[in-house]
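Grab a pencil and have a look at the model below. Then try the exercises before reading each solution.

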Amino acid sequence: MDEGKLLELSAWITKAGLAGRSEIAMLEGYCERLSATGLPLAGGTVVIDTLHPLYEGHAIRWLRDQPETKRTEYGRTNRGEASENYRRSIYYRLLIGSETHLRRRLTPESIVEFSNLETSFAAGNTDYLGIMNKFAAEGTVGDMDCVYSGWETDRPEGFTEAEVIALRRLSPFLAMAMKCASLGRIAQALVETYLGREAGRQVLSGRIERGIADRIEAVLWFSDLRGFTRITDAAEPAQIIPLLNDYAEAVVSAIQAEGGDVLKLIGDGVLAMFPAEERGKACAAAIAAATGARERVAALNIGEVFFGNVGSPDRLDFTVVGPAVNEASRIAAMCRSVDQPLLLSAAFAAALGDTGPPLASVGRYALRGLRHSQELFTLDRGGV
């Protein structure tokens, strides 16, 4: 590759990263442009760790003879078989050593040394170059402290020295572009994990100024785990978190499956909402979520709330506030008094209409802090 082609490709991948193109699109474009220069590339792989509650990182793999570039998530590599495989890879050798690149001719001996080369050797490739672009300490995010890349060819004589130098010179530009894409993915995963899907989207869209809020109508869900206080008194502390995780997983997955958005996890409590663009559909979705969760859901309500930023200047929270939130909390507190796992407000029952399962009145009650008494409902027998 001549100097002009190197400059052209480095500029292209940098612009692609700044433009926010996906990792798959960038690797495809990068490998296709490398091949167009005459470099005999049979495959290219980029591996980068991330900050995610489920995954340690992901790998993107381009193969010349395959129509689709694949992105694969991988779990923790510090235990079990995954740990053993990682420790036998070129990438691990780069991590613990002092070199920034390793090259191996693909032979039976090299795949014994590095197990991650076996697939490439079986495909008939002849040469493999692994590169690590390490970040400075202040540039790391979670486990993401470098970008690995692997390059393979099936040319009988392998890569030339000039081609190895070109791949190494270009690798920082590719690493920077991939880091940009990964940071965007991390930001999205974090805000959705800790704020909820809709609140996360709003934050990433720039709605972070204190006091900004939209007036919306929403079905509100407030639930907690019946008997939680008694359980915490009797159970070992180490058992409480797994219990809450199991409970939250069942409730959250049911809410999200029906289009709801979880706003808060407060101990054993869950605050969620179903945007009520169409009241009947939102109510039906909330009922379906409650049924699907098969947990003792405390209360559902519908009303007008404010959805936006609340907090101090440097610690904000996306949440819902308004009279309907207070009402939902008060109805939740009535579940124990009327011995019902699920209570619905009068407004919810009216909005649901004939679109959902039959409801049964449990009577009219004065709710603490609210001016007027309200008739409350639950699912008719067989509804849950």
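**Exercise 1.** Check whether the length of helix 1 (residues 3-18) agrees with its 16 residues.

*Solution.* Start with the rule: the expected span is 1.5 Å times one less than the number of residues. For helix 1 that gives 22 Å, and because its end C-alpha atoms are 23 Å apart, the two agree. Helices here are DSSP runs of H or I with at least four residues, strands are runs of E with at least two, and both are numbered from the N terminus.

A word on the source: this is a predicted model, where local features need pLDDT of at least 70, side-chain atom pairs count only at pLDDT 80 or more, and totals for chains, interfaces and linings use all residues. Residues are numbered from 1 along each chain as its sequence is written, and side-chain values use heavy atoms, leaving out hydrogens and water.

**Exercise 2.** Find which residues of helix 1 are buried (under 20% relative accessible area, 1.4 Å probe, protein chains only), and what they pack against.

*Solution.* First, pick out the buried ones: Leu6, Leu9, Ser10, Trp12, Ile13, Thr14, Ala16 and Gly17. Next, look across from them: they pack against helix 2 and helix 7 (161-195), with contact meaning heavy atoms within 4.5 Å.

**Exercise 3.** Work out which strands stand at the edges of the sheet.

*Solution.* Write down the order: 6 strands run 3-2-1-6-5-4 in an open, antiparallel sheet. Pairing takes at least two DSSP bridges between two strands. Strand 3 (70-74) and strand 4 (101-105) each have a single partner, so one side of each lacks a neighbour in the sheet.

Technical notes
Buried means under 20% relative accessible area, exposed over 50%, partly exposed in between (1.4 Å probe, protein chains only).
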